[in-house]
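Colleague: I am new to this structure. Please take me through the reasons behind some of the terms used for it.

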Amino acid sequence: MIEWIIARSEGDRGRVGALAGVVCISLNVLLCIAKALVGILSGSVSIVADALNNLSDASSNIVSVLGFKLASKPADPEHPYGHGRFEYLSGLVVAVLVLMIGVELVKSSIDKVLNPSPVEFSLALVVVLAGSMAVKLWMAHLNRVLGERIKSETLLATAQDSKNDVIATGAVLACAIIAYVAGIELDAWVGLAVGLYIGWSGIELIRDTVNPLLGQAPDPELVAHIRSKIMSYPGVLGTHDLMVHDYGPGRQFASAHVEMAAETDPMESHDTLDNIEQAFKDDDGLIVTLHYDPIVTNDPHVVDMRNKIDAMAKSIDGEASIHDLRCVPGPTHTNVIFDCLHPVECALSPSEFKRKLGDMVVEEYPDAVPKITVDEDYVSAEQ
């Protein structure tokens, strides 16, 4: 099935996601119908709850398919970065649906706790629930493999949801067996647990889908890869001010400043930056824009000052750093101009940090007038 979906999709990640969604919709609807019939005939609220969980999964799959379809639309004048964020929006809709179903299941389970009724045990009940667990395990495998191939958080989340469903259905089956063997009725309580579980899953899904829409920090592995790739080129002395913008899966853009020796021919430095940008596009499918920062390397006084001021910044916060330092000497004072990275988790506010660092610079260099631009860290202090 996996290779069939890949072959039918012809390398189009949107079609892969859509076909995977159609398969999951079909299976979830069948499971819902089978469980609903058994649950109604046996009077089990927990099995009906599990059936509704499959219905919510099918609804999630439908929204996911629509999300993949809309996200695959090409860029247009109104949306020059494409429509990739439709995947995130579809995930948010799914999360809200899951939360609503969880709330309804909790309400019906509480009603049965207050007004209990016996559950009829049957072979059909065992077969349907055991079969459901096997199908869900296969669906988890399908979505995990496809999600890893096309790097889709939507499919990977669906895979995890299927694994969770196996646990929930297993609990319902265990409840039915215990009731039959020991005569202990746990159906309503298990239904309540399943409802709470679905509701909590909905809350977590809402959080996971809202984060990229709000502009969460990029993947640390991506940040490390971008920095190491830039630094691997000859002539590159350092890089800073890295920003990564996410417009949906497979639609990321990045920008960074690259430090290179001011003494090197600017045309040569520019050529190096062009090569780096093209390498990111060819190798990673990532559009990267690089800014050239010339650094004076043949003036010992400036080099020493840069190192000392950087050490001052790090003494305030170990994650801080400075860049783009230059000196403009005058008859009575010297303007010391530089940018300083203010870590996200720094105990001092940007203005407090700037003031403290400026005082330290003046103490070391009495004729200096610090001109400090404070930069925020857009890829988090941990990266």
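Modeller: The turns below go from the whole chain to one pair of helices and one residue; the model is predicted.

Colleague: How do you know how the chain compares with a compact globule?

Modeller: A compact globule of 383 residues would have a radius of gyration near 21 Å, whereas the chain has 29 Å. Its C-alpha atoms fill a box of roughly 95 × 45 × 35 Å along the principal axes. The chain has 11 helices and 6 strands, and 42% of its 383 residues count as buried.

Colleague: Why are α8 and α9 called oblique to each other?

Modeller: Helix α8 (residues 220-231) and helix α9 (residues 266-284) pack at an angle of about 135°. Roughly perpendicular covers 65 to 115 degrees and roughly antiparallel begins over 145, so α8 and α9 are oblique to each other. Their axes are 10 Å apart, and α8 passes α9 in a right-handed crossing.

Colleague: What makes the contact between α8 and α9?

Modeller: On α8, the contact is made by His225, Ile226, Lys229 and Ile230. On α9, Ile276, Ala279, Phe280, Asp283 and Asp284 take part. The residues of this contact divide into 5 nonpolar, 1 polar and 3 charged.

Colleague: Why does threonine 272 count as buried or exposed?

Modeller: Threonine 272 has 14% relative accessibility. Buried means under 20%, so threonine 272 counts as buried. Threonine 272 lies in helix α9. Leaving aside residues up to four places away in sequence, threonine 272 touches Tyr233, Pro234 and Met260.

How values were computed:
Residues are numbered from 1 along each chain as its sequence is written. This is a predicted model: local features need pLDDT of at least 70, side-chain atom pairs count only at pLDDT 80 or more; totals for chains, interfaces and linings use all residues. Side-chain values use heavy atoms; hydrogens and water are left out. Axes are lines fitted to C-alpha atoms, for helices over the stretch in contact, and angles run from 0 to 180 degrees between N-to-C directions. Helices (H or I, at least four residues) and strands (E, at least two) are DSSP runs, numbered from the N terminus. Angles under 35 degrees count as roughly parallel, over 145 as roughly antiparallel, 65 to 115 as roughly perpendicular and the rest as oblique. A crossing is left-handed if the near helix is turned anticlockwise from the far one by less than a right angle, and right-handed if clockwise. Contact means heavy atoms within 4.5 Å. Ala, Val, Leu, Ile, Met, Phe, Trp, Tyr, Cys and Pro count as nonpolar, Asp, Glu, Lys and Arg as charged, and the others, Gly among them, as polar. Buried means under 20% relative accessible area, exposed over 50%, partly exposed in between (1.4 Å probe, protein chains only). The radius of gyration is taken over C-alpha atoms; the globule rule is 2.2 Å times the number of residues to the power 0.38.
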